[in-house]
Amino acid sequence: MSHLDPHRDPGTGLTIRSMVESDIDSVMMIASLLPTAPQWSRGAYETAISADGIPKRIALAAEYSGELKGFVIARFLYSLAEIETLGVDVSAQRNGIGTSLLVAALDELRLAGVDEVELEVRPSNERAWRLYERIGFSEVGRRRGYYREPVEDAILLRLGLARQAFPQGLKPR
Ligand SMILES: CC(C)(COP(=O)(O)OP(=O)(O)OC[C@H]1O[C@@H](n2cnc3c(N)ncnc32)[C@H](O)[C@@H]1OP(=O)(O)O)[C@@H](O)C(=O)NCCC(=O)NCCS
């Protein structure tokens, strides 16, 4: 588990912090209303926030006015990481929360010594795809028939963190 010092953006009132066990109900509720987010079991989230899992993970939560609004989880082994899940409450989307979560996760990964981050996205998930490309991810391949329900290819995206986390100088709003 990562130990991100809670970071509250005075401009937006958004706090990004490490996910804790008491967040899991809210995270599962948010994810259940997001058809393009993976539906993890409680045990999977518990593993993600435990300190001794291998591969290691960082799990962050975004909180606004005391309410959980989004989450991101990445796993990493040595210098390679994968963004496993990212979700923002339907009612809170398009406010920069997804970008803030991803930027914070990339910062954490870079501090942990990661220099390359990968993720898969459905081609039909244009919102997420655009977000990743804005942050600097680029397409490096496709995985045929990777997704189920509905069956769809996956676009494989990659971002190098070696030079800087934000190649386009992007910062959360
Ligand atoms: C993908 C996802 C995490 C993005 O979260 P989000 O909080 O809406 O992301 P952001 O607000 O940072 O950016 C999304 C859009 O809002 C826009 N936006 C951000 N802040 C804004 C603001 N203050 N005013 C208006 N628009 C804004 C961004 O420009 C972006 O626009 P675009 O979609 O036209 O490119 C969210 O849509 C989600 O949970 N999707 C379902 C789960 C999912 O698909 N996860 C990814 C699996 S690979």
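Guide: First, some vocabulary: helices (H or I, at least four residues) and strands (E, at least two) are DSSP runs, numbered from the N terminus. You're looking at a predicted model, in which local features need pLDDT of at least 70, side-chain atom pairs count only at pLDDT 80 or more, and totals for chains, interfaces and linings use all residues. Residues are numbered from 1 along each chain as its sequence is written, and side-chain values use heavy atoms, leaving out hydrogens and water.

Visitor: How many salt bridges does the structure hold?

Guide: To count as a salt bridge, a side-chain nitrogen of Lys or Arg must be within 4 Å of a carboxyl oxygen of Asp or Glu. By that rule, the number of salt bridges is 13.

Visitor: Which side chain meets Arg17 in a salt bridge?

Guide: Arg17 is buried, at 15% relative accessible area; buried means under 20%, exposed over 50%, and partly exposed in between (1.4 Å probe, protein chains only). Its partner is buried, with a relative accessible area of 6%. The N to O distance for the pair is 2.7 Å, and that partner is Asp23.

Visitor: How many residues apart in sequence are the parts tied together by Asp25 and Arg42?

Guide: These two side chains form a salt bridge at 2.2 Å, N to O. Asp25 sits in helix α1 (residues 24–32) and Arg42 in helix α2 (residues 42–49), so the bridge ties together parts separated in sequence by 17 residues.

Visitor: What residues are joined into one network by salt bridges that share partners?

Guide: Not the pair Asp153 and Arg144, where the closest N and O atoms are 2.4 Å apart, if we just take that bridge by itself. The network made by shared partners joins Arg57, Arg75, Glu82 and Glu84.

Visitor: Which residues form a positive surface patch?

Guide: Patch members have over 30% relative accessible area and no salt bridge, with like charges joined within 9 Å and nonpolar side chains (Val, Leu, Ile, Met, Phe, Trp, Tyr) within 5 Å; areas come from the Shrake-Rupley method with a 1.4 Å probe, only the protein chains shown counting as cover for residues. Lys and Arg count as positive and Asp and Glu as negative, without His and the chain ends, and a charge is placed at NZ of Lys, CZ of Arg, CG of Asp or CD of Glu. One member, in helix α4 (residues 126–135), is Arg127, partly exposed at 40% relative accessibility. The positive patch consists of Arg94, Arg127, Arg130 and Arg134.

Visitor: Is Tyr45 buried or exposed?

Guide: Tyr45 belongs to helix α2. Contact means heavy atoms within 4.5 Å, and beyond its neighbours within four places in sequence, Tyr45 touches residues including Met28, Trp40 and Phe71. With a relative accessible area of 0%, Tyr45 is buried.

Visitor: Where is Pro55?

Guide: The peptide bond from Ile54 to Pro55 is cis, with omega near 0°. Most peptide bonds are trans. Pro55 is placed in the loop between α2 and β3 (56–64).

Visitor: What is phi of Glu149 near?

Guide: Glu149 is in the loop between β7 and β8, and is exposed at 76% relative accessible area. Its peptide bond to Pro150 is cis, with omega near -5°. Most residues other than glycine have a negative phi. Glu149 has a positive one, near 45°.
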